[in-house]
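Student: Pick one part of this model and take me through it slowly, please. I'd like to know what sits where, and what each piece packs or pairs with.

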Amino acid sequence: MSIRQLDPAQLEQLRRLDSCSIANAIETFDVRLRNRGFTDSSVHCVFDDLPPMVGYAVTARVRTSEPPMEGHGYYYRLDWLEHVLSFPAPRILILEDMDQHPGLGSLIGDVHANILHAMGCVGVVTNGAVRNLPEVRALAFQMFAGNVTVSHAFSHIFDFGKPVEVGRMQVQPGDLIHGDIHGVQTIPFEIVGKIPAVAREMKEEEQQIIQLCQAPDFSFAKLRTEVSALGQKRKEIQR
């Protein structure tokens with residue numbers, strides 16, 4: 001599979017940005033609807049003190065609630081882990097729990113976090129469950145999940161390498177993923193090179209308004225003047 005890759009410097013630029021700044025920048029390009037491309041509140045950041053993560057999506061689907069027709073558990077397959085290695089690093093596992101009520105059991109705990117970490121993954125995003133938080137936290141391996149659970153139940157990967165949807169975020173294999181304390185989003189490749197500069201510029205504009213609001217001589221008239229000036233600047237840029 002041919003996956004578009006960024007050079008290390010581009011990845012590092014994105015890693016230094018918070019997800020809200022990246023989302024703001026993406027909105028200015030009108031490449032997708034503003035209610036698309038990011039996780040909703042059903043998926044939350046597990047380790048909110050870790051820095052932003054950036055990587056390429058490796059997709060898989062899991063079920064955890066139903067037992068197999070025979071035996072006490074499902075046969076553990078290794079082919080999905082081989083598939084992980086077919087993508088460039090840094091990798092992020094996007095794991096869709098397909099149960100009617102996701103999150104009963106967890107595939108991702110201390111063992112799989114260590115396996116994925118050793119294989120160049122920096123995190124996992126799932127609408128299902130995770131567990132073994134202290135051990136995973138020690139790896140600085142980020143997790144975004146719908147919930148935490150005590151058991152893996154009957155967790156098993158049943159397919160991989162296909163489009164998935166996690167927290168209303170649709171992901172294609174190889175998509176560029178960014179996540180931090182606020183949530184997770186995809187970054188369109190066609191604008192990725194422009195994102196850092198636009199994000200920094202918008203951050204500077206926000207700081208101007210914040211500084212004005214915190215100034216002892218704040219007035220609504222000054223706020224209106226500042227907002228009008230920024231609005232005019234944006235119109236000129238968009239021409």
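**A close look, from helix 3 inwards**

Tutor: Let's begin with Glu82, which counts as exposed at 59% relative accessibility; exposed means over 50% relative accessible area, buried under 20% and partly exposed in between, with a 1.4 Å probe and protein chains only. This is a predicted model, where local features need pLDDT of at least 70 and side-chain atom pairs count only at pLDDT 80 or more, while totals for chains, interfaces and linings use all residues. Residues are numbered from 1 along each chain as its sequence is written, and side-chain values use heavy atoms, with hydrogens and water left out.

Glu82 belongs to helix 3. Helices (H or I, at least four residues) and strands (E, at least two) are DSSP runs, numbered from the N terminus. Glu82 and Glu190 are 108 residues apart along the chain, and their C-alpha atoms are separated by 29 Å.

Now follow the chain into strand 3 (residues 91-97). Of its 7 residues, 7 are buried, so strand 3 is mostly covered. Arg91, Leu93, Leu95 and Asp97 point one way, Ile92, Ile94 and Glu96 the other. That's the usual pattern: in a regular strand the side chains alternate between the two faces of the sheet. Here both sets are buried.

Strand 3 runs parallel to strand 2 (residues 53-63), with 7 bridges joining them; two strands pair if DSSP finds at least two bridges between them. One place to look is Tyr56, which stands opposite Arg91 in strand 3. Between these two strands the chain passes through helix 3 (residues 79-84), in a right-handed β-α-β crossover. Right-handed here means that, with the strands pointing away from the viewer, the path from the first strand over the helix to the second runs clockwise.

Next comes strand 4 (residues 121-126), where 5 of the 6 residues are buried, so the strand is largely enclosed by the rest of the structure. Strand 4 is parallel to strand 3 and joined to it by 5 bridges. Leu95 has Thr126 as its bridge partner in strand 4. The connection from strand 3 to strand 4 goes through helix 4 (residues 110-118), and this β-α-β crossover is right-handed too. Ile92 pairs with Gly123 of strand 4, and Gly123 in turn has Gln142 as its bridge partner in strand 6. Strand 4 and strand 6 (residues 142-145) run parallel, with 3 bridges between them.

Back to helix 4 for a moment. Its buried residues are His112, Ala113 and Leu116. They cover an arc of only 105° around the axis, which puts them on the same side of helix 4; the arc is that of the directions from the helix axis to the C-beta atoms. In general, an α-helix has 3.6 residues a turn, so residues three or four places apart point the same way. On the other side of helix 4, Val111 and Ala118 are exposed. The buried residues pack against helix 3, strand 3, strand 4 and helix 5 (133-138), where contact means heavy atoms within 4.5 Å. Just past the end of helix 4, Gly120 takes a positive phi of about 85°.

The loop between strand 4 and strand 5 (129-130) is worth a stop, since Asn127 is found there. Asn127 is buried, with a relative accessible area of 17%. Its side chain reaches the backbone nitrogen of Asp97 at 2.6 Å. That is a polar contact: a pair of N or O atoms within 3.5 Å, where within protein one must be able to donate a hydrogen and the other to accept it, and residues adjacent in sequence count only if both atoms are side-chain atoms. Leaving out residues up to four places away in sequence, Asn127 touches Val43, Leu95, Glu96, Asp97, Pro102, Gly146, Val166 and Gly167. Put the pieces together and you have Asn127 touching Leu95 and Asp97, two residues that point one way from strand 3.
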